[in-house]
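User: Hello! I would like a close look at a single part of this model, explained for a first-year student.
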Amino acid sequence: MKFLEKQLKKLEPTFAKGGKLEKLHYVYDALATFAFTPATTTTRGAHIRDGVDLKRTMFIVVLALIPALIFGMYNTGHWHFVAESGNWNLPYWEQMLDKFLYGAIKVLPMIVVSYGVGLGVEFIFCNIKGHPIHEGFLVSGMLIPLVMPVEVPLWMVGVATGFAVLIGKEVFGGTGMNIVNIALTARAFLFFAYPTKMSGDTVWMGGKEADGFSGATFLGDAQSLISDSPTVEGVSGIMDKYSFMDSFLGMIPGSIGETSALACLIGAVLLIATGVGSLRIMLSFAIGGLATGYLFNAIGVNAYMDIPAYMHLVVGGFAFGAIFMATDPVTAAQTASGKIWYGFFGGMLAVLIRVLNPAYPEGVMLAILFMNIMAPLIDHYVVQANINRRLKRLKVA
Amino acid sequence: MSKTISLKRGLDIRLVGEAEKITLDAPRSKFYAVRPTDFHGLTPKMLVKVGDTVKAGSSIFQDKYNESVEYASPVSGKIHDIVRGDKRRILSVVIEAAASDEYEMKNVAHPSSASAEEVKQCLLASGLWPLIKQRPFDIVADPVQTPKAIYVSSFDSAPLAPDYDYVLHGMQAEFQMGIDVLKKLTAGAVHLGMNGKSKQDEVFVNAQNVTKTAFSGKHPAGNVGVQIHHTNPINKGEYVWVVNAQDLAIIGRYFLTGKYDLTKLVALTGSEVKAPKYYRSLPCAQMSTLVEGNTKNEADERIISGNALCGSQESIDTYLGFYDNQITVLPEGNQMKFLLTDGWLSPGLNKFSNSRLYPTFLFPGKKYRLDTNLNGEDRGFVVTGELEKVFPFDIYPMHLVKAAMTEDIDSMESLGIYEVAPEDFALCEFVCTSKINIQDEIRAGLDLIKRECF
């Protein structure tokens, strides 16, 4: 490694101020600090510092996403073969290599585009603004493809990523300064700009579908329960089509990374064990969703409301959103008790939108974005309570 | 028996190099330097010139804006130099020490018979007043104010901190006299923070006229800031004074003997010290008298006057700080660290972390040799909740730091800035993933409020 260190040091003047490639200084800086923690020492204050840094923190999140990614690739392949054959009940665990390869061929380019465009925009922006490139996009770049339906064209992934990085983050000052979650900004952008490519019953299966085959998701079918032309017969029909176990394991159509609650939970274990993800948010999000689901079960005025509450946790992006999106520390509530309220309302809103709003079959994205906006307000009240305690003390004294 | 407050939040940073309980006499320093920079916010007004002869206890400068507070020479000798920095700011007053000390003898009031005002004047005249600090602002106490209480902590929980049970053993008379003096200065009580984790020396156990409260928990349980917060929190407009336990014995010694004798035990600690021990020395002594020849690798180490979390960076040619009871010598971390072997993707068995991202939590008894590398790069705040884990106050640390950064005085006040000192945030600074210099931010916030509102 001494060799690499020497080479880096040799190259440094080229990229330093006044050097030949001075414009690329921050690109050099990003790559150099990726390979080596810089030799910077503390000057005052705490002379020793905790070993942890943002790179490791972000890397853990990427690692936690791997199970969802791998499973997502396989699942994508499976539904491609289902759509091609027109046979909904195609055995899940056969032709495994074919399915995985198909999924990989579909998904990997999206990841490349997402990272390429996102990092490209950051490099340019950081050079203009003159600040080093931060690690935040390591996670966003992985999240963006995972929340997309497989059929979304690559150029859209690129446009959405560019939009999210620029408008969602860089204009606010970069990593740590953004108000809403970057990956969800990308998804919301496509959701409203190109709705036909983001929902409906033709975007979830890769490739061309067999005649008369409907590639709806659980949420699409559930939504149809309260329309004039239901695609499934009542609650029992939908529960036959998507069993709880299938949904929990992720053997259902949906966005690439979101289908398997199990894969997300494996990620959650890593996030909680390392302390990177907030258990409070994940749990309260789930409880919020579950409670609202049961409330609808109790009201039960239409077929959608009668769908068992626990199904909400395992279908659509609920688990993925609760574990990877709502827990984004920058956009979530920052106080300990604020996190509980933030998660609870997030879960509640997600189910509320799903069941009551006919225009949006999936409510998790909108719920989290809404709660991102509300998080500072929640924190405000939590902090205000602390301030009031202090004021009260002053009056007593 | 006193009540015990147990603190759940905090962090003990386990470093190699704790001082063995053996005391040696440090050689007498050739020069001593009293540095106005040791007293935050002080503008000195000189009372001596280069070449003047002084005794131990002779005033050498005073506070320009509060002339009753005088600062004295720790030794007898000759003023050797007055070192000035930018804009002729006085950085240090260097005294060339005589072979032995003569003391400037002044009239000493006895706290049992003298009035409060007499005791106060006696302390001010002695030059020992700067040993008393005040909250808010963590500066030398303003003698015009009357504090609602005075706090002394009987233990220091900082990494490798000296053990006061050892340091003050047998100094019961001085310590008790110190308490009696302080008792005169406040309308309220003198509080003694006891260590709830271990049995303490009789100096503390037998101390009279004090309100004892025990604190058990990890660092910063020994910080007076924490102890004040949990027993008698400071509101706006209130003052609390604090004195270090060893300094209290020095005050007591003065009232017993009439001598301005600052002699104290200094713990020489840290992984780079060959044999960490206690040394009997005077503050303001040359660092070389304590450190030279006692460390492993003189080229690449950092000498800190004070503890590793909030001490000041010194070198072999500079001096021991006025308040410091400890010297910490650590390896410099000025090497690049490759990501797989020692950087952010490494297993990190030699890294200490309060997060579970490194395996520190698997080795609860292991002691670490930490260097001064920043272990990362400066970033905006990203991770939430990590500061709270090491901050045992009913205060939201991140919000307070942000208020300080944005110079929002109203928010700082309402979030509790009057209750904290930079040292209380030292652990927050240690654990911060984004490597923000939190103590500097808090200090800047306190300075701003003092300038604008007081």
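User: How many helices and strands does chain B have?

Analyst: Happy to help! This is a predicted model, where local features need pLDDT of at least 70, side-chain atom pairs count only at pLDDT 80 or more, and totals for chains, interfaces and linings use all residues. Residues are numbered from 1 along each chain as its sequence is written, chains are lettered from A in the order in which they are written, and side-chain values use heavy atoms, without hydrogens and water.

Chain B has 11 helices and 21 strands; these are DSSP runs, with helices being H or I of at least four residues and strands E of at least two. Its radius of gyration, taken over C-alpha atoms, is 22 Å. The globule rule (2.2 Å times the number of residues to the power 0.38) also gives 22 Å for 454 residues, so chain B is as compact as a globular protein of that length. Its C-alpha atoms fill a box of roughly 65 × 50 × 45 Å along the principal axes.

Of the 454 residues in chain B, 62% are buried, meaning under 20% relative accessible area with a 1.4 Å probe, counting protein chains only.

Now for the partner. In chain B, 74 residues are in contact with 60 residues of chain A, where contact means heavy atoms within 4.5 Å. About 5,800 Å² is buried between the two chains, with carbon and sulfur atoms giving 55%; this buried area is the accessible area (1.4 Å probe) that two parts lose on being put together, summed over both. On the chain B side, B:Met336, B:Trp344 and B:Leu357 lose the most area to chain A, together 16% of what that side buries.

Definitions and conventions. Buried means under 20% relative accessible area, exposed over 50%, partly exposed in between (1.4 Å probe, protein chains only).
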